[in-house]
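Colleague: Could you walk me through this model before I look at it on my own? I would like to go through it as questions and answers.

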Amino acid sequence: MTDIIETFYGCEDNALKGIDADSQKISRRAISSVLPLILKNDLTEKQRICLKLKYTDNLNQTEIARRLRISQPTVCRHLTSAKEIVNNRLSYCLVVLNRANKMWIDYENSDAM
């Protein structure tokens with residue numbers, strides 16, 4: 001399974017390789033719309049904070065642990081479980097988005113004939 005959250009934050013340069021620019025833009029906008037809801041409704045406060053510190057503040061696990069006064073393995077567990085939840089929810093979002101996008105393209109192509 002693709003790590004969607006890593007792709008979204010630009011950590012995997014080749015993750016969107018082979019996908020046209022419009023589809024990439026649509027996917028990023030959809031993720032931007034859904035991600036705040038997932039973070040708010042499906043993660044614990046510590047999971048949200050760890051993700052924010054990792055992806056927004058670019059801290060590594062040791063720095064996050066120091067800042068939150070918890071152990072690095074605990075930070076690792078929070079990040080792992082948070083990423084599993086977020087990736088699971090976003091994968092459903094992207095499946096629906098891709099189907100809708102394909103239907104739109106098919107519609108446009110049939111209309112052009």
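**Helices and their contacts**

Modeller: Happy to, and let me begin with one residue: leaving out residues up to four places away in sequence, isoleucine 4 touches Ile31, Asn87, Leu90, Ser91 and Leu94, where contact means heavy atoms within 4.5 Å. This is a predicted model, in which local features need pLDDT of at least 70 and side-chain atom pairs count only at pLDDT 80 or more, while totals for chains, interfaces and linings use all residues. Residues are numbered from 1 along each chain as its sequence is written, and side-chain values use heavy atoms, with hydrogens and water left out.

Colleague: Thanks! Is isoleucine 4 buried or exposed?

Modeller: Isoleucine 4 is found in helix 1, residues 4-8. Buried means under 20% relative accessible area, exposed over 50%, and partly exposed in between, with a 1.4 Å probe and protein chains only. At 7% relative accessibility, isoleucine 4 therefore counts as buried.

Colleague: What separates the C-alpha atoms of isoleucine 4 and lysine 83?

Modeller: Along the chain, these two are 79 residues apart. In space, their C-alpha atoms are separated by 8.7 Å.

Colleague: And glutamate 84, is that residue buried or exposed?

Modeller: Glutamate 84 is found in helix 5, and its C-alpha atom is separated by 9.4 Å from that of isoleucine 5, 79 residues away along the chain. Its relative accessibility is 55%, so glutamate 84 counts as exposed.

Colleague: Which pattern does the protein follow along the sequence?

Modeller: Helices (H or I, at least four residues) and strands (E, at least two) are DSSP runs, numbered from the N terminus. There are five helices and zero strands in the protein. Read along the sequence, the pattern is α-α-α-α-α.

Colleague: How do helix 3 and helix 4 lie to each other?

Modeller: Two packed helices are described by the angle between their axes and the distance between the axes. Helix 3 (residues 45-55) and helix 4 (residues 61-68) pack at about 130°, with axes 10 Å apart; axes are lines fitted to C-alpha atoms, for helices over the stretch in contact, and angles run from 0 to 180 degrees between N-to-C directions. Angles under 35 degrees count as roughly parallel, over 145 as roughly antiparallel, 65 to 115 as roughly perpendicular and the rest as oblique. Helix 3 and helix 4 are therefore oblique.

Colleague: Which residues of helix 4 meet helix 3?

Modeller: From helix 3, the residues taking part are Ile49, Cys50, Leu53 and Lys54. Their partners in helix 4 are Ile64, Arg67 and Leu68.

Colleague: Where is asparagine 58, the residue with a positive phi although it is not a glycine?

Modeller: Its phi is about 55°. Asparagine 58 is exposed, with a relative accessible area of 62%. Its place is the loop between helix 3 and helix 4.

Colleague: What is the relative accessibility of arginine 69?

Modeller: Arginine 69 sits in the loop between helix 4 and helix 5 (72-112). Its phi is also a positive value in a residue other than glycine, near 60°. Arginine 69 counts as exposed, and its relative accessibility is 79%.

Colleague: One last residue: which residues is histidine 78 in contact with, leaving aside neighbours within four places in sequence?

Modeller: Histidine 78 lies in helix 5. At 18% relative accessibility, histidine 78 counts as buried. Its contacts are Lys46, Gln47, Cys50 and Ile70.
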